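Please open the model in your viewer and keep the sequence panel beside it, since this tour moves from one selection to the next.

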Amino acid sequence: MLDIQSTAAAAPQVIRRDAYREPDWLVPETALDFRLDSLQTRVKARLTVVRHGDHDRPLRLDGDSLTPVAVSVDGRAVTDWTMEDGQLVIALSGVDHVIETEVEIAPELNTQLMGLYASGGLLCTQCEAEGFRRITFFPDRPDVLSRYTVRMDADKARYPVLLANGDPIASGDLPDGRHWAEWHDPFPKPCYLFALVAGDLEANRDSFVTMTGRKVDLGIWVRAADLPKTDHAMAALKLSMAWDEAMYGREYDLDVFNIVAVADFNFGAMENKGLNVFNSRYILADPDTATDMDYDAIAGVVAHEYFHNWSGNRVTCRDWFQLSLKEGFTVFRDQQFSGDQGSKAVKRIEDVRTLRASQFPEDSGPLAHPIRPESYMEISNFYTATIYNKGAEIVRMIHTILGPEKFRAATDLYFARHDGEAATCEDFVKAMEDGGGVDLSQFRLWYSQAGTPRVKAALSHDGATARLKLEQTVPATPGQPEKQPMLLPLKVRLFGAQSEAPLCDERIVMLSAANDEIVIEGIEERPILSINRGFSAPVVLESDRGAADLAFLSAHDDDPFARYEAMQQLMVDTLVRAVAEGMADHGPVIEAVRGTLTDKALDASFIAEAVLLPSEAFIGDQMLVVDPDAINRARDSLRAELGVKLESAWRGAYDSAQANRFEYSPAAKGARRLKSVALGYLAASGAKDAADLAYAQFAGADNMTDRQGALGVLVNGTSGNRAKAIEAFYDRYQDNALVLDKWFTSQALSTRADVMDEVLALSSHPDFTLANPNRVRALAGAFSVNQRGFHGADGRGYAFLADIIIALDKLNPQTAAKLVPPLGRWRRFDERRAEKMRAALQRIVDAPGLSKDVFEQASKSLG
Ligand code: 0A1
Ligand code: ZN
C-alpha cells in the first residue's frame, strides 16, 4: 500500500533569477494607518494600483501570516477575493483602482524580528528583504516603488515618540491618552525600505548643512540613559555626509535624517529611507564600554547605512538577485571612507583578513555562490560575505581598472542614469564601461562565476630581463564544474635583492588568460617579486618565493599591504611545514618579526597587525585535511618561541604604550592594539609575571580595549587571576547587555582544553537567552569559529551547535540559519570529525517543522 501519510515536508520552492518578470501591477501611492498596540496592532492600507502592461491577471498582494479583516475596491467592500499561499488575490477589471485592506498583527509575539516587532518596550520594523508582507498585504518586491504616507496612533505614555520615513507632516493628541503623527516620504521607494518606530526615546540632535546649503536635522534616538553614548555615532554620521558629497558628489535629499538604536536585531543595521534602524551595538559607545574595534565598527556601519541613501535607496535593486548591486558597492564605499579616517593600509589589512576569514571559506564550500546568484530558497540566506565583501572587492577592481577619475565619472553616470529606478548589476557594469571608456566583457565573469581564483606566479631572471609566468585556475563550485579564466588586475613591482631598492615602477598586469608571461626589461640585478600589491585582486596566490625573499619584502617593500602580506606568507609557510613535518625552522619568522617590531619608521597599528600570527582557521584553510590539534600545537609553539626570543622587545612595546590615558585617535588606538598584542606574546612566552601584568591592566584600565584585551589573555591562562577577572567583569557589567556579550564571547574564544565544558555551562547561565540575536552570536557564533574548541574530537561542539540551531529555529529562523555554515565544512576534516558534523547536519534537517531558512543552509551543507 502507498504511504500517503509521509511526513516529509515538501522541499521549499526554488526562486530562479532567469524567471524574473516585470510586475503585473504598480502601486504609485500607498497610505498606511497604524493603530499601534503591542499585542493588537491594526493596520489599514490604501493602495492606488495601476495595471502594468496588457494582461488580465489579477492583483496579487503578498502576505505572511496575515488574515484580511476587510477588503475593499474603489471604496466598496468586497468578498470575492481568495487566499493562495499567503497571497491575497483580487480580480480587477479596470486599469487603476484603489484597494483598501485591514489586518491585525501582534508585535509582542513576533520573535522572528521581521515585520513589526517589540524590542525593549519599543515597537519597530524590519522589512528587508521580505518583512513588509508580515505587516500588510502588498507586492513585496523591490521593483514596485511607491510614495508613502504613514499615520500612526498609540498610547502616549508608552510610545511618546512616533517616527516613520521622510518628513513629519502633522501630529496631535487623541482621547484616552493616545496621540497620533503623520509622516510623508516624497521619494518613491520599495517596501523593504519602509520603517516605523514608536517608543519612549530621547534624541541626540544635531544638524548638517549640505553642499547646496540645505539644513538637515539629524537625530539619534535611544533610551534616555544611553544618550551620552551617541556622540561618536553622530560625529561619524556628519563625517559620512560630508565625505559622500566630496568623494561621490552625493547630497542628502530629505530635511530629516533619523537613526534609532534597538537591542534586538537580526543584522547590523538597516538603511530605511530617512529612518535608519540600528542594532544598538553599532551606535552606543563610550570608553568604559566599547573597544576601539567597536568605535571603528560604529563609524563604518553608520557610514554604510548613510551611503545606502544613494547606493540602494535612490537607485535600488530590480530583484534580490541584484543584492550585491547595492551591498557590494556600499561596502566598497564604507571601506574607502574608513580608510580615509585613519590608516588606509591598516584598514586594507583588516578588510582582507575579514574576506579571508569569512568569504574564502564560503567560496570553497557547499554554500559557494556567485555575487549574483542564480537561485535561492530563502533570500535572507544570501546576505553573505560573498554578496557583501567579495562584491566590494569586485567594485574595487573596477576602481583599479578605471583609476579614480574615470571611476568617479562612471559612478556619476550610474547615479544620473538610474536615479529613481530599480536597477541591475548589468546596469552598473554598463555605466562603468560607458563612464570609464573601457570594455568589461570578460570582467563580467566575476558576477557569474563562484570560487576564489588561484594564481601561480614564478619569476625568472636572465641578463637584464625578468620574466613573470602567471597561471590562473578557478576551482569548481556547486553547480559550476567548469570555469573560464577571469580578468585579474594584479599590481606588480620588482625589488633588487642587493640594492634593496625598487627596480621598476608599479604596474597593473591584466591577467586575462589561463597562462601568460610578462617580460620586464632593464632589470640588472636579481629581482624579488612583489605581486597582488594592495590585494588588487581577491585571489589565492601561490609563488615560489622562499623564506629569505619573503623576509626581505616584509622589511623593504614600499607597499605596506605587501609588507604585511609577505610576513603572513612567511608565517603560513612555516606553520604549514610544522604541521606536516612536526617541526619547522622558526628562525626566519622570528627575525622578520624582530625587524618589524623594532622598526622606528612604522606606526604601532601597522606593527600590531603585521606581527600577529595567522589564525588557526586560516592555517587550516591552507591544508587538504584540517588537523586542528596539530595546527594548535604548531601555532602555540611558534607563538611561545616568538614570546621567549623577543621578550625584551615585547616588554619594550608594552611599556611604551602603558602610560597612555584614553584618547580616541589613530595613534592612541595603535598603541593600545600593540600593547595587547605584546601582552599576549608575553603570556605565550611563559613569563612568570605575565598573568599579573594582565590582571593589573585589567583592573587599572580606563577603557574597554585594555580591559577586554587583558581579559582575553587571562581567560586563556590558568592563573588564579582568571576566575577573579571573569567574576569582576560580570559584576561590573551585568546590567549592560552589549558588554555582557563580550563576557560571553571572551570565554567562548578561550584556547583552553575545557572550553567546551565552559560553553555548555554558559548556555545555561541565567543571562543566556535565545531571544536576543546578539547574545546567541556572542556565545554560539563565537564558539563555532574557535577552531580548537568547536572541532574537539569528541564531536560535542557539533552537537551543541545543532541543539542551539534547532531550538532557535522555532523562534528566529534567520538568525538560526546564519549559524549553520561552520558545520558545512565537514569535507575539510578527517573522516571521524566529518561523520559527526554530517550527523549534526542530518539531525537539523530531520527536525520537525524546520524553517526554509535553516533547511536551505543545512541541506545544501550536507551536499
Ligand atoms: N541592508 C542591510 C542589511 C540587512 C538585511 C536584512 C535585514 O533584515 C533582518 C536587516 C539588515 C545592510 O546592508 O546594512
Ligand atoms: Zn548594506
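Begin by selecting residues 146-155 and 178-189, which are strands β12 and β15, and follow the nine bridges over which they pair in the antiparallel sense. This is a predicted model, and the pairing is best followed one residue at a time. Within this pair, threonine 149 has histidine 184 of β15 as its bridge partner.

Keep β15 displayed and add residues 167-173, strand β14, which runs antiparallel to β15 and is joined to it by six bridges. Here the residue to pick is proline 168, whose bridge partner in β15 is tryptophan 183. Now move to the connection between β14 and β15, a hairpin with four residues between the strands, where aspartate 176 takes a positive phi near 60 degrees.

Next, widen the selection to residues 59-193, where UniProt, in an unreviewed entry, places the feature "domain: Aminopeptidase N-like N-terminal". Over this span the chain is 51% strand and 0% helix, and the C-alpha atoms at its two ends are 22 Å apart.

A second annotated span can then be selected at residues 451-543, which the UniProt annotation, again from an unreviewed entry, covers as "domain: Peptidase M1 alanyl aminopeptidase Ig-like fold". In residues 451-543 the helix content is 0% and the strand content 52%, while the end C-alpha atoms lie 20 Å apart.

Now select ligand 1 and show the residues around it. These are Gln126, Glu128, Asn266, Phe267, Gly268, Ala269, Met270, Glu271, His304, Glu305, Glu327 and Tyr383. Colouring this shell by residue class divides it into four nonpolar, four polar and four charged residues. If you colour by secondary structure instead, look for β20 (269-270) and α2 (292-307), each of which supplies at least two residues of the shell.

Finally, clear the selections and view the whole protein chain, which holds 27 helices and 31 strands. The radius of gyration of the chain is 28 Å, close to the 29 Å that the globule rule gives for 863 residues, so the chain is as compact as a globular protein of that length. When the view is aligned with the principal axes, the C-alpha trace spans about 85 × 80 × 60 Å. Colouring by burial would mark 51% of the 863 residues as buried. For a last display, draw the contacts between residues at least 6 apart in sequence, among which 69% join residues at least 24 apart.

Definitions and conventions. Residues numbered from 1 in each chain as written. Chains lettered and ligands numbered in written order. Predicted model: local features only at pLDDT ≥ 70, side-chain atom pairs only at ≥ 80, totals over all residues. Rg over C-alpha atoms; globule rule 2.2 N^0.38 Å. Buried ≥ 20, exposed ≤ 12 C-beta atoms within 10 Å, placed from the backbone. Contact = placed C-beta atoms within 7 Å. Near = placed C-beta within 6 Å. Nonpolar A, V, L, I, M, F, W, Y, C, P; charged D, E, K, R; others polar. Pairing = 2+ DSSP bridges. UniProt positions renumbered as here; feature names shortened; annotations may be inferred.
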